[in-house]
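Reader: I'm new to reading protein models. Could you walk me through this one, a few questions at a time?

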Amino acid sequence: MLTVTELHKVYDGQGRRVAAVGELTFTVQAGQFVCIVGPSGCGKTTLLRCIAGLLPPTAGEVRLAGERVSGPPKGLAVVFQEYGRSLFPWLRVADNVELPLRAAGIARADRRRQVAEALDAVGLADAHGAYPWQLSGGMQQRVAIARAIAYQPRVLLMDEPFAAVDAQTRADLEDLIRSVWQRFEMTMLFVTHDIDEAVYLGQRVIMLSAAPTTIADDLEIDLPDERDQLTTRGAPRFTELRGQVYAQIQKAKVDRT
Amino acid sequence: MRVAYRATQLLALPVLLFATWWFASAGSTAFYIPPLSVILDAFDDTWFGPRITEDVLPSLGRLALGYLIAVVVGVVVGMLIGLNRTLRALLEPTLEFLRAIPPPVLVPILMLFAGIGNSMKVLVIVSGCVWPVLLNTVEGVRAIDGVLIDTCRSYRIGGVLRLWHLVLRSASPQIMAGARQALSVGIILMVISEMFAASSGLGFTIVQFQRGFQIPEMWSGVLLLGLLGVLLSLVFRVVENRVLAWYHGVRTVEKER
């Protein structure tokens, strides 16, 4: 579904070349939920922007369903960390969700249905007429997620989407994302710096090294599909997996310094 | 209660000034400073007659036309320049030069090209009002949030939808600030353009009164201009409150946090 081949990204600025992404190769199967973890400043966001077609790679390529990504591809949506800045403050919640559908030329009746369905799925069925800034941070991020769902992407990229919300909201949103993924059957690429979150959410966790980024390890998360905050996080297997990821990340940090 | 308080706050100083003027000038025998009561009598006789249709409305019509042309041209050209880096680098010094020319000095020049009719007066108003709108639009377009730009790119929102919902709405607070400046410039130019080779209009009439030593009538014209200024600024505020409702909402929420 999604293949990243020898991806390499160097930032060229004022006589200083900064290699952000070293050389990355991995493949994501259709419908898979993959989490990408790494220490802060390890080029996670750069990687995600390259995959989203927002940033041209220096070398290597990204292919989505066989097609080379050279600009933002069809059927791919991104949920940004800065939810407050990625929603249009002059549009009501429903209009925010609808705008990408209008751009895609979808008929009015279908747009209405998709918007209602998406807002319903994130638990905001009664917030259609509100402005984003009238909502709490967690609710704003729900709107951003609803916008992504309504767009019906094959691939959904999330860039540390819950980094700026409080712990309780974060747990709710994690469960929301799991249920959305199961219900709408999309390929999910979830970037985070939180190891627990990565293990809790993903079917697979890709661990990155510090910049210039390479893959430190690629781990299958063999937890049952039905997950919940209490039992999953309390399971011995969860602790074990988390330990493995943690050790890898620590090792990756030490290797670099 | 709040409304009453606010009204008192707004009206206290005007009432005080009016009373001071009234009593200070009450027994005045100075030819150039007649009592306010005389000025008000003259106001009645002078402006609530045929002069409304012969002088006041034509002046306001030219102001409205010139102002609207300036806003449309300023916003369209400002968006073009703001969106295009090369164009911006090319035009910025020239724009600064053109803006620095006081529009009244253009009157004699514009008279050569456009004669002494309505089109000259409208052109003078346009030539002064366009700059604050244009330069503010450029600034507003340049300051569009990067996350919002990325959002539009990844959802493939382009064309008219992008121009309206991303570019124009993002820049609207700055555009409105420019339009507000342009309004006061426009009122000044409306008067000045009628002081040269004109045969009707507010500015023309006031100068006629002055030359004919009709001092109370002259004063009443000045008073009328002031009142028109207040009225136009009230209308502007109503429009602004509608257009920028979202902006004021965001600002209020940010202050509370």
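Author: Happily! Keep in mind that this is a predicted model. A good place to begin is the domain assignment of chain A, which gives domain 1 (31-55 + 71-75 + 153-257) and domain 2 (87-151).

Reader: How many Å separate the centres of domain 1 and domain 2 of chain A?

Author: The centres here are taken over C-alpha atoms. Between the centres of domain 1 and domain 2 of chain A, the separation is 25 Å.

Reader: Which helix gives the most to the side of domain 1 of chain A that touches domain 2 of chain A?

Author: The contact takes 11 residues from domain 1 of chain A and 9 residues from domain 2 of chain A. By class, the domain 1 side has 9 nonpolar, 1 polar and 1 charged residues. With 6 residues, the helix that gives the most to that side is α6 (residues 167-184) of chain A.

Reader: Which helix gives the largest share of the largest nonpolar core?

Author: That core has 83 residues, and A:V37, A:A146 and A:L157 touch the most other members. It draws at least three residues from each of domain 1 and domain 2 of chain A. In general, nonpolar side chains in soluble globular proteins tend to be buried together. The largest share of this core, 8 residues, comes from helix α5 (residues 137-150) of chain A.

Reader: Which residues is A:A146 in contact with, leaving aside its neighbours within four places in sequence?

Author: A:A146 is one of the core residues that touch the most other members. Leaving aside neighbours within four places in sequence, its contacts are A:V97, A:A118, A:L119, A:A121, A:V122 and A:L124.

Reader: How many residues are in the other core, which lies apart from that one?

Author: This other core includes B:V71, B:L135, B:M190 and B:W219. Its size is 41 residues.

Reader: Which helix supplies the largest share of the side of chain B that touches chain A?

Author: In this contact, 18 residues of chain B meet 21 residues of chain A. On the chain B side, α7 (146-154), α8 (159-193) and α11 (245-256) each supply at least two residues. By class, that side has 8 nonpolar, 5 polar and 5 charged residues. The largest share, 6 residues, comes from α7(B).

Reader: Which are the edge strands of the open sheet in chain A?

Author: The sheet has 4 strands in the order β2-β1-β4-β5, with antiparallel pairing. An edge strand here pairs on one side only, and that picks out β2 (16-28) and β5 (67-68) of chain A.

Reader: What is the bridge partner of A:L64 in β5(A)?

Author: Strand β4 (residues 59-64) of chain A pairs with β5(A) in the antiparallel sense, over 2 bridges. In β5(A), the partner of A:L64 is A:E67.

Reader: Where is A:A65 placed?

Author: Most residues other than glycine have a negative phi. A:A65 has a positive phi instead, near 50 degrees. A:A65 counts as partly exposed because 15 other C-beta atoms lie within 10 Å. Its place is in the loop between β4 and β5 of chain A.

Reader: Is A:E185 buried or exposed?

Author: A:E185 is found in the loop between α6 and β8 (187-192) of chain A. Although it is not a glycine, A:E185 has a positive phi of about 50 degrees. A residue counts as exposed if 12 or fewer other C-beta atoms lie within 10 Å of its own. A:E185 has 11 other C-beta atoms within 10 Å, so A:E185 is exposed.

Technical notes
Residues are numbered from 1 along each chain as its sequence is written. Chains are lettered from A and ligands numbered from 1 in the order in which they are written. This is a predicted model: local features need pLDDT of at least 70, side-chain atom pairs count only at pLDDT 80 or more; totals for chains, interfaces and linings use all residues. Two strands pair if DSSP finds at least two bridges between them. Two residues are in contact if their C-beta atoms, placed from the backbone, lie within 7 Å. Ala, Val, Leu, Ile, Met, Phe, Trp, Tyr, Cys and Pro count as nonpolar, Asp, Glu, Lys and Arg as charged, and the others, Gly among them, as polar. Domain bounds come from an automatic or database domain assignment. A nonpolar core is a set of buried Ala, Val, Leu, Ile, Met, Phe, Trp, Tyr and Cys residues joined through C-beta atoms within 7 Å. A residue is buried if 20 or more other C-beta atoms lie within 10 Å of its own, exposed if 12 or fewer, and partly exposed in between; C-beta atoms are placed from the backbone.
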